Amino acid sequence: MELIGSTLTATYARPKTSHFLPAISTMASSYRNTQPALVMNPSANLWRTNSYYKSSTVPTPSSIQRENSDLVRAKTMFYPSNRTALTTRYTPDDWYKSNISNYRESESSRKSAERLRRDTMRLMQDKEQLTRRTQENTSKNIGERLNDVVFWRSELSHEIDNMVTEIAALNEVKRRLERALAETEGPLQVSQECLYHREKRMSIDLVHDDVEKDLIKEVEVIKSCQERMRRHLDRAIAQLASNRAAQHELERDMSDKVTAQRIDDRCHHLRNTSDGIGYYRGIERVDPSLFKDSERINCQEMSVVLFVRLSLPDSWSKFTDDNILHSQSERAASHKLRDEIEILLNTTSNDMWNQFNNANVAFTNRISEIADAKNSLQTHLAKTLQEIFQTEMLIESLKKAIRDKECPLKVAQTRLEERTRRPNIELCRDNPHHRLVSEVREIEDTIYKLQERLMEAENTLQTLVKTKVTLEHDLSIKANSLFLDQEKCMSMRKTFPSMPRLVGYT
């Protein structure tokens, strides 16, 4: 093909004819087109000749002559009949340069394609690593969020357990208060009956003596104790309601935390190969912090749109923290109320007991020395009963302490036994071995001392029981002697509740 023209984007060609030999035969194409052939300027090709690249240099006579010859050749019309008289269009140097230009262009294209391929592969790898890192960071963030949820869930669980324990303790104190309040009805009735019986005195014995004053004061003390107990009982009921409300808030928050933990745990374990993943177009453009409720409220002439705002990390943690703080404050108030009730029970029992003893002392002053001895025996009997109760509790505590030492002793001895099975040189009397031996000896010494104290406590209990039997026997003797004096009043006052019953334990 023969080049007949070119632009910056394309090259046009026609069948190439020889520049060196004339046409042998008369071809129809030679006579078909009588227009002169177009002469192509070498500077119009994509590649350039020497004259193009040397045009910026200082012209020489030879270059001017060569340019003039090129101009003459470009203006000359060539016909097939004068082909033999024409010179060639290009020189071999131009031909080689054209080939070299094509080679360079091919090599440049290949290098560009190779560079593009390398850059593309590098881009794909970078984006793959970026996607993986982003997914890992997201999983890490979800994991951290999951840890936060687990932390607050554990805090809520711990606080719920504490609140449940506090509610149970307050319920127990409330039941004790109710039992103590019920126990005061008996002493009140006894005191009133004693007053009624003493109204049957006749003549000079119908005096306003110390016994009558003490009985009236005892009735007042019991009624005052009942009133304080009722007030504290109402406070306990109200505090129980507050505790249960706080517990309900904690449990509702706990339920939300459980649901959030289940969702976040599932999201945390989602992988590219997991089931249930899919496209959710536009989900990333949804603002999770603002949702519009479907309800609208018309206030006069204005339409108010309700918005439900979701929590932010600070408000989210503050919500749970506020619930826990509120629960802790309620627990503190409940604990304070329990202490007040304990103090009240001890105070009222002591007041009633003191007034009861004062009335008994007043009775004993009105009767013989036998009555005084009997009242003294009753006081000692009450204290002995209390000491017996405390000694029995001490014995149970000692037994429990001894039982509690059995498991640590088993653990230490088992460790020693297991370590004797170490093979060969590993059977070393190292620091753990010495420490285990010392631990076994310490626990055995502790158990021995506790058993000694248990024996002493049991001996003391037997002594107290013997003392109690002795006091009751003496009282029965004195009661037989004082049957007439105590037939109406003192016989009823023997049924006054003991200290444990007055504080609601039995």
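Start by selecting Trp-353, which counts as buried at 11% relative accessibility. The cut-off for that label is under 20% relative accessible area. The model is predicted.

Now add Phe-356, which also counts as buried, with 4% relative accessibility. Both residues belong to helix α7 (residues 313-366). Trp-353 and Phe-356 are three residues apart there, so about one helical turn separates them.

Next, look at aromatic pairs, of which the structure holds three. One of them is on screen already: the ring centres of Trp-353 and Phe-356 lie 5.7 Å apart. Their planes stand at 90 degrees, so the pair is edge-to-face, the class for planes over 60 degrees apart.

For another aromatic pair, select Trp-95 and Tyr-96. This pair is edge-to-face as well, with 4.8 Å from centre to centre and 75 degrees between the planes. Trp-95 is found in helix α4, which covers residues 92-183.

Keep Trp-95 and Tyr-96 selected and add Ile-100 and Tyr-103. Together these four side chains make a nonpolar surface patch of about 500 Å². Switching to a surface display will show the patch formed by Trp-95, Tyr-96, Ile-100 and Tyr-103.

The last two stops pair a charge with a ring. Select Arg-145 and Trp-316: the charged end of Arg-145 sits over the ring of Trp-316, at 3.8 Å from the ring centre. Then go to Arg-281 and Tyr-279. Here the charged end of Arg-281 sits over the Tyr-279 ring, 4.5 Å from its centre.

Methods:
Residues numbered from 1 in each chain as written. Predicted model: local features only at pLDDT ≥ 70, side-chain atom pairs only at ≥ 80, totals over all residues. Heavy atoms only, no water. Patch = residues over 30% accessible without salt bridge, like charges linked within 9 Å, V, L, I, M, F, W, Y side chains within 5 Å. Areas by Shrake-Rupley, 256 points an atom, 1.4 Å probe, with all protein chains shown as cover. Helix = DSSP H or I, 4+ residues; strand = E, 2+ residues; numbered from the N terminus. Phe/Tyr/Trp six-rings, centres within 6.5 Å; stacked < 30°, edge-to-face > 60°. Buried < 20%, exposed > 50% of the residue type's maximum accessible area, 1.4 Å probe, protein only. Lys NZ or Arg CZ within 6 Å of the ring centre and 35° of its normal.
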